[in-house]
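I opened the model today and went through its rings and helices. My notes follow below.

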Amino acid sequence: MGTFQGHLLAGIFFFIFCLYYSVMVSFALLRGQRSLSSPLPPREKQGHRWWQLVPVQGTMKLVISLGGIIPEFFYPPGVNRMRIVDWEDPRRPFLFYDNWDHVTMYGFFMLSGVVDIVNQSCQAWQNVKLERAAEALAFWVLTLLMVAHLENKGTLEIRVHGLFVALTFLVSLVLTIEVWVPDQPALWVLKTWMGLVLSNWMLQLSVLMYAPPSGKPWRAENPGDLAFLTIFFCWHLGLGAAMLAAVYGLCSLWHHRFSSWREVPGAKYQLCPRGYGNEELEKLGTEAMLQDGGI
């Protein structure tokens, strides 16, 4: 991950996940859901195949984490960075600490994905607080690793990664709050917004450090260049809000255009007509039950 391709790949992966999450949050708000994913009762789970119960969100975490771990160990082809200590050296130095730093980060996100999959597909009742706790743990680990990543770095990397740490800390705090109150739409929106900003800033980070558009590296000794980093970061805050609003607008158009096509006749409540006797009311109730397929 310590290259342009590594940062770019991680940013793209995280952006895809946050974009999917923003779509899920938008539809949840439009439908007035009390939870992002409606858990299936145990009886309904018995009528589904196992692959139908596997959550998309957990699968994405698992696949993306594996896609990040494998290159850290084995890219370019022929390289093996799985060794931690050089036992042949009398000093016993640690090896590939940057790669193990990134693998640890991906590993905790993989753990969060495994918790999602097991909790939603194997357990009788879904424990949403457990999923939020695992996700919060992954982001707290990411925050700690990024803080440690600032050691022995230049001024430019410290400023760029410091702003990144501020975002990860805020997302970790929101996820920690969701462990106790997971059904708050305001927290969904805040978490989604920060996630979009985080993924965009990760892409910006790879461009700033490894492939600046001007073709010349940023001058860390120039106060003007450092000041523009904060300005760009503020622009990304606005960009993340604009992207979330655009996703919500597109989801709103989809929801209002296609929801009426999927409405089941007789699914809504209807007022009981006046002027009928008891026998006629029983007849109407029987006909309604026959139309709905019975109990």
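I looked up Phe74 first: in this predicted model it comes out partly exposed, at 39% relative accessibility (buried is under 20% relative accessible area, exposed over 50%, partly exposed in between, with a 1.4 Å probe and protein chains only). Phe73 is buried, with a relative accessible area of 7%.

I then checked the ring geometry. Phe73 and Phe74 pair edge-to-face, with 6.0 Å centre to centre and 65° between the planes. Rings of Phe, Tyr and Trp (its six-membered ring) pair if their centres lie within 6.5 Å; planes under 30 degrees apart are stacked, over 60 edge-to-face, the rest tilted. I count 9 aromatic pairs in the structure. Phe14, Phe109 and Phe139 make up one aromatic cluster.

Next came helix 1, residues 4–31 (helices are DSSP runs of H or I, at least four residues, numbered from the N terminus). Its 28 residues reach 40 Å from first C-alpha to last, close to the 40 Å expected at 1.5 Å a residue (1.5 Å times one less than the number of residues). Gly32, just after helix 1, has a positive phi of about 70°.

I also pulled the UniProt record, an unreviewed entry: its "transmembrane region" annotation covers residues 6–30 and 193–211, among others. Such annotations may be inferred rather than shown by experiment, and positions are in the numbering used here. Residues 6–30 are 100% helix, with end C-alpha atoms 36 Å apart. Residues 193–211 are 95% helix and 0% strand, with ends 26 Å apart by C-alpha.

Housekeeping: residues are numbered from 1 along each chain as its sequence is written, and side-chain values use heavy atoms, without hydrogens and water. Local features need pLDDT of at least 70, side-chain atom pairs count only at pLDDT 80 or more, and totals for chains, interfaces and linings use all residues.

Terms used
Helix = DSSP H or I, 4+ residues; strand = E, 2+ residues; numbered from the N terminus.
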